[in-house]
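Visitor: I have just opened this one and would like a slow walk through it. Could you take me along, one topic at a time?

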Amino acid sequence: MRLRRWAIILPLLCAFLVSCSPNSNDRPGRKHTITIAGSTSVMPFTEKLAEHFVVDHKNFIIDVQGGGSTAGIQAVINNTVDLGMSSRELKEGEKTLNTITICHDGIVVVVHPENPVTEMGLDQVRQIFSGRISNWSQLGWKDRKIDAVSREEGSGTRSAFEDLVMKGKEINDATMVQDSNGSVKEVVATDPYAIGYISMGLVDKKVKPVAIDGVSPSIKTIKSGRYKIVRPFLYITNGELEPKARQFVDYILSKEGQTILKNEGLVGFYD
Amino acid sequence: MRINPRIINRLVRMGLNVQAFFTVGILIIIIAIIFFKGFPHMSFAFIFSFPEDMGREGGIFPSIVGTIQLALLSILFATPLGLGTAIFLTEYTRESLFTKLIRFGVESLAGIPSILYGLFGFIFFVIKLKMGWSLLAGVLTMTIMILPTIIRTSEEAIRAVPRQLRIVSYSLSASKWETIKKVVLPAAMPGILTGIMLSIGRAVGETAAIIFTMGSSLRLPLSVMDSGRTMAVHFYILAREGISMEKAYGTAVVLVLSILLINILAYYIMNKAIARYS
Amino acid sequence: MIDRTVFKERFVKWVLVAFALSSLLFLFLIFLFILAEGLPLFLKVGVKNIIFGFKWAPTKGYFGIFPMIISSFLVTIGALVIGAPMGLSCAIYLSEYSGKKMKMFLKPALELLAGIPSVVFGFLGVIYIVPLVRNYLGGSGFSLISTSLVLGVMILPTIISISFDALVSVPKTYREGSAAMGATKWQTIYKVIIPSAKSGILASFILGMGRAIGETMAVIMIAGNALKIPGSILDPLRTLTGNIALELAYATGDHRLGLFSTGVVLMVIIMILNYIANFGIKRKIAK
C-alpha cells in the first residue's frame with residue numbers, strides 16, 4: 001500500500017526535478033542561449049529583434065532582461081551576460097568596454113493629446129523640469145499647475161536628458177518620478193496637465209510630441225541633425241564578441257534588423 | 001437635551017450595518033471590475049499561448065507556468081521546515097526561553113514587508129550566491145516569506161488535536177514520533193493544508209520580493225537557473241508600462257480567480273476541520 | 001530493537017530542533033545582509049546626512065532620505081485615518097451585532113480581501129482613484145490622499161481580524177453585567193467592551209501601520225514618487241519602500257548601498273512597530 005503510493009509519487013517528483021534541473025540549455029546539441037541585460041529603454045526593441053531573429057535561427061534562445069543601463073554595464077563587466085544594453089554613453093571607468101551602436105533614439109518631450117501647446121524652446125523645457133516654470137499659463141494655456149514627470153536616478157534616459165536638456169541645472173524635487181518609459185507615458189496619457197520625456201520609439205497616439213525650438217522630432221529631423229535631443233542605443237561587450245552573440249548583432253546591423261528598428265520609430269543606419 | 005440611548009443604539013446599529021456591507025462592497029466591486037473588464041479577454045488560447053510583442057499580443061502561458069513552479073517549489077521547501085518547527089514547538093518542548101526565541105523569530109519574519117525580502121533575496125541569493133535572477137532565487141526568497149504562515153497554522157492545527165488521541169496512542173505503546181506521525185499529523189492535516197493553501201495564495205500574489213529575485217524574463221523557465229515571470233509580475237509590467245490594458249485585465253482575471261479559488265479552498269478545508277473538533 | 005527506537009526518537013528530535021532554528025537563522029541572515037550592505041554608507045556619509053538629509057541624488061553623492069521617512073509616516077497615518085474607523089466598526093459589527101450566518105459570510109469575505117494582490121489594488125487605484133482625485137480635488141491625482149485611500153482599504157483585513165479577536169475575547173460576564181444594569185447594547189460596547197479590548201484594538205492599528213508602511217507595489221503606482229515632502233494632500237510623494245523598488249534594479253556602487261540604507265531605516269521602523277504591537281502592549285486576551 002505504502003509502496004504503491006511512493007511508486008506514483010517518486011517518478012512524478014523525479015520528472016518535476018529533471019524539468020527543473022540546471023543548465024538544461026547547455027547540453028550538447030541543444031540550443032544556444034544569448035543573455036542580454038540592461039537599459040529598459042533598449043529592452044523592448046531587443047525583445048522585438050529577438051522575436052524576429054529566432055524565427056530563422058531556431059537553435060537560439062535569447063534571454064532579455066531589464067535592469068537599467070548601469071546595471072547592464074555592470075553585468076558585462078562581471079561577465080554575467082553576453083551583451084549589455086545601454087541608452088547612454090559610457091562614463092569614465094567604463095571606457096575599457098566595447099560599444100556597438102545599434103541605432104539612435106530621440107528623446108521626445110510629450111504632453112497629453114488634449115494639451116494645445118505644440119511647441120516650446122529647449123530652455124523652457126529646462127525651466128519646467130527645474131521648477132522655474134510651474135504653470136501652464138506661462139506657456140499660453142490655462143492657469144493650471146504643470147505635472148512634470150521624470151525618470152529615476154540611474155536611468156539612462158534621465159542621464160541623457162540631464163546632459164542634453166538640463167545642462168547642469170537640477171531636476172526639481174517636486175517632479176514626479178516613474179521607473180520606465182512606459183510608465184511615464186501612461187501618466188502623461190492619463191493626466192491632461194502632465195509633461196514628460198520618453199524614447200521616440202514609444203510615441204503613439206496616446207501622447208502628443210512637442211516640437212523643440214520649432215523642430216518636431218522625427219527620423220528625418222534627427223538624421224539631418226536639426227532635432228538635438230538624441231542619444232545612441234548601445235550594446236556593450238567585454239572584449240571580443242562570442243560567435244553566437246556575433247550572429248545576433250550582425251542580424252541587428254543588417255538591413256532586415258535595421259528595418260525592424262525603423263518600423264519601431266528608431267533611427268537606423270539605412271533609409 | 002439628552003437623546004434617548006435607545007435611539008442612539010438603533011442608529012449605531014444601522015451605521016455599523018452599513019459600514020460592514022460597505023467593506024464587503026469594496027471586495028465585491030474590486031472583483032466585479034476585474035471580472036467584467038477581464039473576462040472578454042480571457043480565453044483558452046490566452047491561457048495556453050505564448051506572449052508576442054512583449055505581451056501586447058498572445059497569451060500568458062509562460063507566466064502561468066512560472067507562477068506554478070514558484071508556488072510549488074516554495075511549498076516543497078517551506079512545508080518540511082515549517083511543519084517541523086510547529087511539531088517541535090507543540091510536542092517536544094514546554095514553553096521556555098528557547099521557544100520564546102523561536103516564536104520571536106517567526107513573528108519577526110511575519111512582520112517583515114515583502115520589499116525587504118526582495119532586498120535580502122537580491123543581495124544574498126542573486127548577488128552573493130551568484131544565482132542571478134532565477135527561479136531558484138525567487139523560490140528560496142519565497143520559502144522564507146511563507147514559512148511563518150505555515151508554522152502558525154500548523155501549530156494551531158496540531159494544538160487543536162485532542163489530548164485523548166495521543167494518550168490512546170501512547171497506551172498502545174507507540175513511541176512519540178510514531179504517535180505524531182500516525183495519529184497527530186493525520187488529525188491535524190486539514191489545518192496544515194489550510195496553511196499550505198494560504199501560502200500558495202501568497203506566493204501567487206507576491207510581486208515586490210519576486211521581481212528583484214526571479215527577474216522578469218518573458219520566456220518559459222526551463223531550469224531553476226532561468227529567470228521568469230509570475231502572473232503577478234507580468235500583470236504589473238503590462239499595467240504599469242501601459243503595454244496593453246486588455247491583456248492586463250485578462251491576466252488580472254486569471255490571477256485574482258486563482259487566488260480566490262485557492263483561498264476559498266483553504267477556508268473550506270479549515271471549516272471542515274473546525275467542524276470536526278467542535 | 002529498543003535501542004533503535006530510542007535512537008530514532010533522538011534523531012527526530014534533533015532534526016526538529018534544526019528545523020525550528022531555521023526561522024531564527026533566516027531572520028539573522030536577513031538582518032546580517034541588509035545591515036552589511038546598508039550600514040557602511042552610514043559610516044561613510046554620516047547618519048545625520050542620511051536620516052536628516054533633504055537631498056536624494058545618489059549618483060551625485062547625496063543620500064538624504066528625510067523626506068521619504070516623513071512621507072512614509074504621512075501615508076501611514078492617512079491610511080490609518082481611513083482604515084481604522086472602518087476596520088474597527090466592521091470588527092464591532094462582526095463581534096457584537098451580526099448573526100451567526102452573517103458572520104459565516106462576512107468573515108471569509110474579509111479574509112479574501114486580504115488575499116487580493118497589492119498590484120491589483122495599485123492598478124485599480126491608478127485607473128479609478130487617481131482620475132477621481134484629479135478631476136474633483138485637483139492636482140495630478142498621484143497624491144498623498146489617493147495613496148492613503150488605497151492603503152486604508154488594504155490594511156482593513158489586518159485591523160478587522162485582530163480587533164475582532166480582541167473584542168470577542170472580552171468575557172461574556174462583562175456584557176451580562178452591563179446589560180443587567182440597564183445599559184443599551186451600544187452603551188455596553190462603548191463603555192465596557194471597547195475599553196477592555198483597548199490594547200488589542202491598539203495592536204491592530206499598529207500592525208495595520210506596519211502593513212501600510214511596508215507596502216510597495218501599490219504605492220509606487222499611485223504615489224507619484226516625487227522627492228519633495230508633500231505640501232498638501234494633493235501632492236505626490238515618495239515612500240521608503242517606493243525609493244527602494246524604483247531604483248534597486250538600476251543601482252550600482254554607492255547608489256545601491258544608499259538603497260540598502262533606506263532598507264535599514266525601514267527595517268528599524270518596522271521592528272519598532274512590531275515590537276510595540278506584540279510585546280509593548282500587554283494584550284489582555286482572556287482565554
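**Where chains B and C meet**

Guide: Please keep in mind that this is a predicted model. A place to begin is the salt bridge in which the side chains of B:K128 and C:E37 meet, with 3.1 Å from N to O.

Visitor: How many salt bridges are there between chain B and chain C?

Guide: The count between these two chains is 1 salt bridge, and the pair B:K128 and C:E37 forms a salt bridge. Besides that, the count between chain B and chain C is 7 residue pairs in polar contact, both residues being at pLDDT 80 or more.

Visitor: And which helix gives the most to the side of chain B that touches chain C?

Guide: That is helix α1 of chain B, covering residues 5-38, which gives 21 residues to the side that touches chain C. By class, the residues on that side of chain B divide into 55 nonpolar, 13 polar and 10 charged.

Visitor: What area is buried between chain B and chain C, and how many residues does the contact take from each?

Guide: The area buried between chain B and chain C is about 6900 Å², and carbon and sulfur atoms give 81% of it. The contact takes 78 residues from chain B and 74 residues from chain C.

Visitor: Changing topic, how is chain A divided?

Guide: Chain A is divided into domain 1, made of 12-103 + 233-263, and domain 2, which is 106-230. The contact takes 9 residues from domain 1 of chain A and 10 residues from domain 2 of chain A, while the C-alpha centres of these two domains lie 30 Å apart.

Visitor: What do those two domains bury between them?

Guide: Domain 1 and domain 2 of chain A bury about 630 Å² between them, with 51% of it on carbon and sulfur atoms. On the side of domain 1 of chain A that touches domain 2, the residues are 2 nonpolar, 5 polar and 2 charged.

Visitor: How many salt bridges and polar contacts are there?

Guide: Across the interface of domain 1 and domain 2 of chain A the rule finds 0 salt bridges, and the count is 2 residue pairs in polar contact, both residues at pLDDT 80 or more.

Visitor: One last residue, then: is B:T67 buried or exposed, and why?

Guide: B:T67 is called buried because its relative accessible area is 3%, and buried means under 20%. B:T67 lies in helix α3 of chain B, residues 61-92.

Visitor: What is B:T67 in contact with, leaving aside its neighbours within four places in sequence?

Guide: With those neighbours left aside, B:T67 is in contact with B:V204, B:R229, B:T230 and B:M231.

Notes:
Residues numbered from 1 in each chain as written. Chains lettered and ligands numbered in written order. Predicted model: local features only at pLDDT ≥ 70, side-chain atom pairs only at ≥ 80, totals over all residues. Heavy atoms only, no water. Helix = DSSP H or I, 4+ residues; strand = E, 2+ residues; numbered from the N terminus. Buried < 20%, exposed > 50% of the residue type's maximum accessible area, 1.4 Å probe, protein only. Contact = heavy atoms within 4.5 Å. Domains from an automatic or database assignment. Buried area = accessible area lost by both parts, 1.4 Å probe. Salt bridge = Lys/Arg side-chain N within 4 Å of Asp/Glu carboxyl O. Polar contact = N/O pair within 3.5 Å; in protein donor to acceptor, adjacent residues only side chain to side chain. Nonpolar A, V, L, I, M, F, W, Y, C, P; charged D, E, K, R; others polar.
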